[in-house]
Amino acid sequence: MTENPDAFQTDAAPPPAGQVLDAHLHVLDRQVLDRDDVPVTTADDLELDGIEVGAPIEPGSPRPTVSAILTGPQLVMRLFGGHAPAARTIRIPWRLVSEVGTVIHLGVAGDALDATWAERWVSRHLIGRIPGGRHAPE
Amino acid sequence: MLLSDLLDSDAVDADGRRVGAVIDVRLEVSGAPRQLLADTVVTGLLVSPHSRFSTWGYERRDEDGPLLIARFQRWLHRGTFLVAWDDVERVDEGRVVFRRGYTARDAALPRAPRER
């Protein structure tokens with residue numbers, strides 16, 4: 001080990017076994033689309049399973065996994081610090097993600113997700129009360 | 001734990017010396033297979049000795065345009081290295097401790113996802 005960090009870059013990383021993503025670079029702030037390419041939200045933060053603060057990590061223990069995309073007030077928390085109350089956090093389970101590229105694709109319809117509740121509420125209670133607001137334009 | 005709790009954390013070696021700041025978390029879609037996408041596991045942490053702020057990842061890719069921005073970014077993040085998750089001993093609040101004798105690896109991305 002040397003104290004000069006520039007001299008660190010000698011060992012090559014082992015070849016990847018799957019798609020490699022840098023979380024901040026490739027996932028955060030990306031748009032999330034549902035299976036019909038309808039925008040759902042943006043990825044404001046990620047929830048990681050398997051990391052316990054302050055607890056020693058035993059060599060060979062399972063690596064942490066990404067468990068959810070967080071959205072809603074999470075962007076403000078990320079920028080200014082702190083944690084949103086669990087009741088206010090909107091989670092999209094990572095198992096619903098089908099592809100990560102320029103955007104994040106989900107394998108489900110956005111209507112089924114908590115992330116679109118505000119849009120559904122506005123559609124039902126505000127737009128729906130306007131005459132003609134409950135059907136597509138003719 | 002949230003990703004944002006790890007980002008900007010101080011990275012220290014086993015003797016408590018600060019070696020940089022965690023600017024990104026490397027993931028790999030290579031865990032247990034699922035219906036849509038395999039589990040995405042944390043494989044390492046990217047540590048920059050000179051800056052806490054990661055922006056466009058020039059230091060991890062071959063891209064060099066626009067030239068001025070690329071040069072500034074490379075200078076800002078000179079010496080950035082990757083530490084495998086197996087070399088992480090403990091994660092504290094705002095601090096990540098590496099094992100004694102940890103290996104600092106090349107931070108370059110193998111391939112940009114958009115090329116796939």
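**Figure 1. Trp121(A) is partly exposed because its relative accessibility is 43%.** The cut-offs are these: buried means under 20% relative accessible area, exposed means over 50%, and partly exposed is in between, with a 1.4 Å probe and protein chains only. What you see here is a predicted model, so local features need pLDDT of at least 70 and side-chain atom pairs count only at pLDDT 80 or more, while totals for chains, interfaces and linings use all residues. Residues are numbered from 1 along each chain as its sequence is written, chains are lettered from A and ligands numbered from 1 in the order in which they are written, and side-chain values use heavy atoms, with hydrogens and water left out.

Trp121(A) sits in helix H3 of chain A, residues 117–125. Helices (H or I, at least four residues) and strands (E, at least two) are DSSP runs, numbered from the N terminus. On the surface, Trp121(A) joins Trp117(A), Val122(A), Leu126(A), Ile127(A) and Ile130(A) in a nonpolar patch, and together they offer about 590 Å² of accessible area. Patches take residues with over 30% relative accessible area and no salt bridge, joining nonpolar side chains (Val, Leu, Ile, Met, Phe, Trp, Tyr) within 5 Å and like charges within 9 Å. The areas come from the Shrake-Rupley method with a 1.4 Å probe, and for residues only the protein chains shown count as cover.

**Figure 2. Here chain B meets chain A, with 54 residues of chain B in contact with 49 residues of chain A.** Contact means heavy atoms within 4.5 Å. How much area is buried between chain B and chain A? About 4800 Å², with carbon and sulfur atoms giving 62% of it. That buried area is the accessible area (1.4 Å probe) that two parts lose on being put together, summed over both.

Between the two chains, 16 residue pairs are in polar contact, both at pLDDT 80 or more. A polar contact is a pair of N or O atoms within 3.5 Å; within protein, one must be able to donate a hydrogen and the other to accept it, and residues adjacent in sequence count only if both atoms are side-chain atoms. On the chain B side, the elements giving two or more residues include helix H1 (3–6), strand E2 (18–29) and strand E3 (40–48). E2(B) gives the most to this side, with 7 residues.

**Figure 3. Asp22(A) and Arg26(B) form a salt bridge, with their closest N and O atoms 2.7 Å apart.** Side chains of opposite charge can pair when their charged atoms come close. The rule asks for a side-chain nitrogen of Lys or Arg within 4 Å of a carboxyl oxygen of Asp or Glu. It finds 1 salt bridge across the interface of chain B and chain A, and 10 over all chains in the whole structure. This pair runs from strand E1 of chain A to strand E2 of chain B. Are the partners buried or exposed? Asp22(A) is buried, because its relative accessibility is 0%, and Arg26(B) is buried too, at 4%.

**Figure 4. Thr40(B), in strand E3 of chain B, is buried, with a relative accessible area of 0%.** Among the residues that Thr40(B) touches are Pro64(A), Thr65(A), Val66(A) and Trp94(A) from chain A, and Leu27(B) from chain B. The side chains of Thr40(B) and Trp94(A) make a polar contact at 2.7 Å.

**Figure 5. Chain B has salt bridges of its own, one of them between Arg34(B) and Asp39(B), with closest N and O atoms 3.0 Å apart.** Another pairs Asp92(B) with Arg90(B), at 3.1 Å. Asp92(B) is buried at 16%, whereas Arg90(B) is partly exposed at 24%. Salt bridges that share partners also link Asp13(B), Asp15(B), Arg17(B) and Arg100(B) into one network.

**Figure 6. Two loop residues, Asp37(A) and Asp8(B), have a positive phi without being glycine.** Asp37(A) has a phi of about 65° and lies in the loop between strand E2 (31–33) and strand E3 (39–42) of chain A. With a relative accessible area of 49%, Asp37(A) is partly exposed. For Asp8(B), phi is near 75°, and its place is the loop between H1 and strand E1 (10–12) of chain B. Asp8(B) is partly exposed at 39%.

Key
Lists of a residue's contacts leave out its neighbours within four places in sequence.
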